[in-house]
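Visitor: I'd like a quick walk through this one. Can we take it topic by topic?
Guide: Sure. Have a look first, then ask.

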Amino acid sequence: MIRPAQFRMNEETAVNNYYQKDAGIKPEEANLKAQREFDQFVKNLKEVGVRVIVIDDNPNNNTPDSIFPNNWISFHQNGNVGIYPMFAVNRRKERNPEVLDRIEESGFEIKNIIDYTDAEEAELFLEGTGSLVLDRVNRKAYCALSPRANEDLLIEFCEDFEYTPVIFTAYQTVNSNRLPIYHTNVMMGIGETFAVVCLDCIDDKKERKNIIKHLKQDKKEIISITEDQVNNFAGNMLQVVGLGDKRYLVMSTAAFNSLTKDQIIKIEKHCAILHSDLGTIERLGGGSARCMMAEVFLPLCP
């Protein structure tokens with residue numbers, strides 16, 4: 001996780017991230033509030049035994065979205081690391097070699113780096129596990145195509161990392177228009193034995209049936225959420241492991257408060273829920289709890 005140094009509403013991402021809202025607060029105040037929310041979130045994770053590697057952002061880089069590292073880097077069980085092409089020019093400065101050094105210093109082994117960033121020259125993008133929702137057990141990569149998720153790059157990723165692509169388009173209503181959702185992980189999250197997904201965002205019936213087919217094939221209980229709940233970041237969740245190998249589904253407080261009792265009961269059949277207040281980060285950044293965590297699946301050094 002990257003502790004922010006210059007967090008604010010990023011004007012370069014707001015062109016197609018319709019979840020960002022201008023709260024009318026000064027950048028210094030926004031950054032301070034985001035740091036407080038970040039620190040409390042990290043504290044909440046550590047209290048249940050989740051191991052968290054925190055790296056401070058460099059204030060000289062002027063990177064307002066550095067708090068969302070999962071868009072530029074992913075870590076995999078075989079020792080591979082993916083580095084991804086970013087839509088917003090000012091987000092490309094987030095790619096920091098120090099992160100790789102810190103990961104290795106923390107005892108993890110990096111065997112190979114697969115870098116897709118040359119695609120930026122052709123204005124093609126695939127923003128890590130924002131664009132890709134990975135079922136790492138069943139080797140499937142769910143991807144909602146958008147200006148930040150190119151199909152050819154998705155296929156290339158799946159060939160390199162040995163995943164099966166599951167491709168669709170997810171929409172949200174913006175001023176009465178149906179527009180592509182910028183990241184798959186806003187409307188979908190996959191746990192070990194369940195999936196939280198907004199099927200209403202998938203307008204194409206064949207694509208919707210295909211998603212359901214894949215999830216049922218892999219014996220995932222489908223927990224459906226609404227578009228209104230997506231607007232509260234209820235799709236932006238990540239399952240993590242804490243003390244005693246206990247599983248937690250991590251989300252924001254806004255996401256948790258939007259869930260129905262029935263949805264909470266369904267989730268808690270599979271794992272506990274952990275939530276934290278991320279209101280400033282959500283409003284200005286247009287991302288939430290899942291976006292803030294780049295999960296490390298690398299092998300430990302021998």
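Visitor: Cysteines first. How many disulfides does the count come to?
Guide: Zero. Keep in mind that this is a predicted model.

Visitor: What about Cys-143, where is its nearest cysteine sulfur?
Guide: That sulfur belongs to Cys-158 and is 8.1 Å away. Cys-143 is in no disulfide.

Visitor: Is Cys-143 buried or exposed?
Guide: Buried, with a relative accessible area of 0%.

Visitor: And why is Cys-201 not bonded to Cys-198?
Guide: Because the two sulfurs are 3.2 Å apart, too far for a bond. The cut-off for a disulfide is within 2.5 Å. Cys-201 is buried as well, at 2% relative accessible area.

Visitor: On to strands. In which sense do strand 7 and strand 8 pair?
Guide: Parallel, over five bridges. Strand 7 covers residues 140–144, and strand 8 covers 164–168.

Visitor: What does the chain pass through between strand 7 and strand 8?
Guide: Helix 4, residues 151–161. The β-α-β crossover is right-handed.

Visitor: Which residue is the bridge partner of Tyr-142?
Guide: Val-166, in strand 8.

Visitor: What is the strand order in the open sheet that contains strand 12?
Guide: The order is 11-12-13, with mixed pairing. Strand 11 (188–190) and strand 13 (221–224) are the edge strands, and each pairs on one side only. From one strand to the next, the twist averages 15°.

Visitor: How many bridges join strand 12 to strand 13?
Guide: Four, and these strands run parallel. Strand 12 spans residues 194–197. Within this pairing, Val-197 stands opposite Ser-224 in strand 13.

Visitor: Now the sheet with strand 14, strand 15 and strand 16. What is the pairing there?
Guide: Mixed, in an open sheet ordered 14-15-16. Strand 14 (238–241) and strand 16 (272–276) each have a single partner strand, so one side of each lacks a neighbour in the sheet. Here the twist averages 35° from one strand to the next.

Visitor: Which helix packs on that sheet?
Guide: Helix 1, residues 27–47. Helix 1 touches strand 15 and strand 16, and its direction makes about 160° with that of strand 16.

Visitor: Are strand 14 and strand 15 parallel or antiparallel?
Guide: Antiparallel, over four bridges. One of the bridge pairs is Val-240 with Tyr-248 in strand 15.

Visitor: Loops next. Where is Thr-63?
Guide: In the loop between strand 2 (55–56) and strand 3 (73–75). Thr-63 is buried, at 1% relative accessible area.

Visitor: What does the side chain of Thr-63 make a polar contact with?
Guide: The side chain of Asp-57, at 2.7 Å. Leaving aside neighbours within four places in sequence, Thr-63 is also in contact with residues including Gln-6, Asn-90, Lys-93 and Glu-94.

Visitor: What is the phi of Asn-62?
Guide: Positive, about 50°, although Asn-62 is not a glycine. Most residues other than glycine have a negative phi. Asn-62 lies in the loop between strand 2 and strand 3. Asn-62 counts as partly exposed, at 35% relative accessibility.

Visitor: Last one: what about phi of Lys-219?
Guide: Phi there is near 60°, again a positive value in a residue other than glycine. Lys-219 lies in the loop between helix 5 (205–217) and strand 13. At 71% relative accessibility, Lys-219 counts as exposed.

Terms used
Residues numbered from 1 in each chain as written. Predicted model: local features only at pLDDT ≥ 70, side-chain atom pairs only at ≥ 80, totals over all residues. Heavy atoms only, no water. Pairing = 2+ DSSP bridges. Helix = DSSP H or I, 4+ residues; strand = E, 2+ residues; numbered from the N terminus. Right-handed = clockwise from strand over helix to strand, strands pointing away. Buried < 20%, exposed > 50% of the residue type's maximum accessible area, 1.4 Å probe, protein only. Axes fitted to C-alpha atoms, helices over the stretch in contact; angles between N-to-C directions. Polar contact = N/O pair within 3.5 Å; in protein donor to acceptor, adjacent residues only side chain to side chain. Contact = heavy atoms within 4.5 Å.
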